[in-house]
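The following note is addressed to a student who is reading a protein structure closely. Please keep the sequence and the structure in view while working through the numbered points.

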Amino acid sequence: MCGIIGYSGPLEAKKILLDGLSQLEYRGYDSAGIALFDTLSNIRLIKRTGKVAALRQACAKEQDSSHCGIGHTRWATHGGVTDANAHPHRAGRVTLIHNGIIENYHNLTNEFGLEGKLVSQTDSEVAACLLDQFYRGNPLEAIKELTLHIEGSYAFCVLFDDRPGEIYGIRKVSPLVAAYTRSGALIASDLTALIPYTRKYFVVPEGHVAKLTGYKISLYDMEGTPVSPEIMEVNWNMDSAMKNGFPHFMLKEIHEQPQALKNTILPRMSKGLPDFTDDNIPDELFCQCTKIHMIACGTAMHAGMVARALMEPVLHIPVTVSIASEFRYEDPLVDQDTLAVIISQSGETIDTLAALRLAKSRGSRTLAIVNVKGSTIARESDFVLYTHAGPEIAVASTKAYSVQLAALYMITCRMALVRKNFTKDQAAAFLSGLLDAIPAMETMIARKEEEKHLVTHLINQSDAFFIGRGLDYAFSLEGALKLKEISYIHAEAYAAGELKHGTIALIAPKVPVIAIATQEHVFLKTISNVREVKARGAFVILLTKEHAQVDSSLADIHIRIPDMDDRFTVFPIAVILQLMAYYASIGKNLDVDQPRNLAKSVTVE
Ligand code: M6R
């Protein structure tokens, strides 16, 4: 959460910072600000509540004479959404931007007598004040002293008044990537801000300071010893981070799913079977465990729920799914016999990262399914299976969910093969079923116009229910989250058979119930549950396979996906649920890509 960027080089800094902030805006959009060294080496600060567009307007009158500066787009944690709480923060000779949380800021305020001196309510300003107190002309020493006092997570970019043209970057947990390019030196929360200038970059390692000047970037450890950065190369380009003619990133990303699936699956197929040799994931990882524990948040956790319903009947070992923020505090039953599967698009979600560390400390072997290359979760896991979705910019996750599922399906298949739950033929048939899901997704994307009218009823309602059994129930969880997140309609997912144990009391005339019934072995049971809600006046949107037999009176709207193997119906169903949420959001005239109160990468607890 929060996007930060710094630039030093020959070009005009203001434009680079504002453009970078627009790219990073999905990380937070409560307020935005920049600080620039002017030609007299004075620092100018411009900040505004609201989105980057408001800041851009405020900056229009500013002279374009600066070649070094820092910028920030905020997701508020400590202190409300005000100009004063917007970053950058200034204290004495220090100007600073921050992503993360300084947990002991209150104690530090008392210990260092800052009460009365602070002009904002933020934890970040406390860090700026401390850094100013510790600064005696040597930035590295002052930064080192700061890190000895602060607790929590942070990525900082700092300007010192007497160091024009220089930017200092330091991080713990919160991400920071940097690059020296033909256009100058850049540092940012993530690659989307760097990609217009370079494909080569490095992750600022924890416990190191990156110093940017117009001519180079130097990396130092805390003793001030120069360190060579580990240069990485990104495999997507600027186009991937643009809307490319789509009205919203979410719609573009829904459309990208078939290709993202191919990119994730095909390089890992050998002779029709899943093969993780190039990912350096050994088969013994899959053979040695006696149980699997999946850990993730939000949509990624829902991908885990689908995988659990898929895996247990195939592998015949216990598969548990935990919400990362709960896992950390519940003394989980994981040990050296557990394979901990950590799922995260960003690879930076702090609860998921903490859960990974806990699982490792208990002796579990860890396998991360991550989209962002070089992210903290990817680097700290024993093994990593990268999904190849490209950058996901819309806050609502779509293509990341599909590729996480694809990765989990491939893991299931490989595990079943090496553990002898599948013969080679069965594994090949499974993988071919997975590939068949791609055209099924394409079909549903091509029929997207049909979905527009189905939300007419939905958008006038305050509640909606998603029901299903088995795998269909796991899909429902994600459908409900998507609808809540971007259309602000209260939605609940229920195992269809569980409704009558309480929740059915909420089913009144016209209440929308989205019923998913794609699983043959529980189909009739689910249909009975649909009848129960229909009898109480619900407005039923029914999702089945093409040739499913149902009375025409049962559903107000019936959407059919192509006939296919039950195990893979999640892929076309996901498209329907995503489009439903998308059109509901549009129908209510809401901000689809940047829904209220949210941000893309959740780096605070
Ligand atoms: O980056 P991660 O996959 O770790 O993020 C996890 C959740 O924050 C994320 O999936 C969130 O639930 C999405 N915004 C939902 O669309």
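1. Contact here means heavy atoms within 4.5 Å. With neighbours within four places in sequence left aside, H302 is in contact with Y401, L477, E478 and L481. The structure under discussion is a predicted model.

2. The position of H302 deserves attention. This residue belongs to helix 9, which spans 298–315. Is H302 buried or exposed? Its relative accessible area is 9%, and buried means under 20%; H302 is therefore classed as buried. The side chain of H302 also has a polar partner: it makes a polar contact of 2.9 Å with the side chain of E478.

3. The surroundings of the ligand come next. The ligand is surrounded by 15 residues, and the closest are S344, Q345, S346, T349 and E485. By character, this shell comprises six nonpolar, seven polar and two charged residues. Two helices each supply at least two residues of the shell, namely helix 9 (298–315) and helix 16 (471–487).

4. Which atoms of the protein lie at short range from oxygen atoms of the ligand may be stated residue by residue. For Q345, a backbone N or O atom lies 2.6 Å from an oxygen atom of the ligand. For S346, an N or O atom in the side chain is 2.6 Å from a ligand oxygen atom. For S397, a polar backbone atom is 2.8 Å from an oxygen atom of the ligand. Taken alone, the ligand exposes 420 Å², and the protein buries 90% of that area.

5. An open sheet should be traced next. What is the order of its eight strands? The order is 3-2-4-1-10-9-11-15, and the pairing is antiparallel. Strand 3 (43–49) and strand 15 (232–233) are the edge strands, each pairing on one side only.

6. At one edge of this sheet, the pairing of strand 3 can be followed in detail. Strand 2, residues 31–37, pairs with strand 3 in the antiparallel sense over seven bridges. Among the bridge partners, A35 is matched with L45 of strand 3, and A32 is matched with R48 of strand 3. Strand 2 and strand 3 form a hairpin with five residues between the strands, and S41 in this hairpin takes a positive phi near 65°.

7. Strand 25, residues 512–517, offers a contrasting topic. Why is strand 25 described as largely enclosed by the rest of the structure? Six of its six residues are buried, so the description follows. The residues point in two directions: P512, I514 and I516 go one way, while V513, A515 and A517 go the other way, and all are buried.

8. The partners of strand 25 should also be recorded. Strand 23 (residues 463–468) pairs with strand 25 in the parallel sense over three bridges, and F466 has I514 of strand 25 as its bridge partner. Strand 26 (residues 539–545) runs parallel to strand 25 and is joined to it by six bridges. Within that pairing, I516 stands opposite L543 of strand 26.

9. A loop residue, D566, is worth locating. D566 lies in the loop between strand 27 (557–561) and helix 18 (570–587). This residue has a relative accessible area of 15%. Since buried means under 20%, D566 is therefore counted as buried. Apart from neighbours within four places in sequence, D566 is in contact with L471, T518, Q519, E520, H521 and K545.

10. The final point concerns R365, which lies in strand 21 (residues 365–370). Its relative accessibility is 25%, so R365 counts as partly exposed. Not counting residues up to four places away in sequence, R365 touches E284, L285, Q288, T338, L339, A340, D382 and F383. With one of these, E284, there is a polar contact between side chains at 3.0 Å. How many residues apart in sequence are R365 and A538? They are 173 residues apart in sequence, and their C-alpha atoms are 47 Å apart in space.

How values were computed
Residues are numbered from 1 along each chain as its sequence is written. This is a predicted model: local features need pLDDT of at least 70, side-chain atom pairs count only at pLDDT 80 or more; totals for chains, interfaces and linings use all residues. Side-chain values use heavy atoms; hydrogens and water are left out. A residue is near a molecule or strand if one of its heavy atoms lies within 4 Å of it. A polar contact is a pair of N or O atoms within 3.5 Å; within protein, one must be able to donate a hydrogen and the other to accept it, and residues adjacent in sequence count only if both atoms are side-chain atoms. Accessible areas come from the Shrake-Rupley method with a 1.4 Å probe; for residues, only the protein chains shown count as cover. Helices (H or I, at least four residues) and strands (E, at least two) are DSSP runs, numbered from the N terminus. Ala, Val, Leu, Ile, Met, Phe, Trp, Tyr, Cys and Pro count as nonpolar, Asp, Glu, Lys and Arg as charged, and the others, Gly among them, as polar. Buried means under 20% relative accessible area, exposed over 50%, partly exposed in between (1.4 Å probe, protein chains only). Two strands pair if DSSP finds at least two bridges between them.
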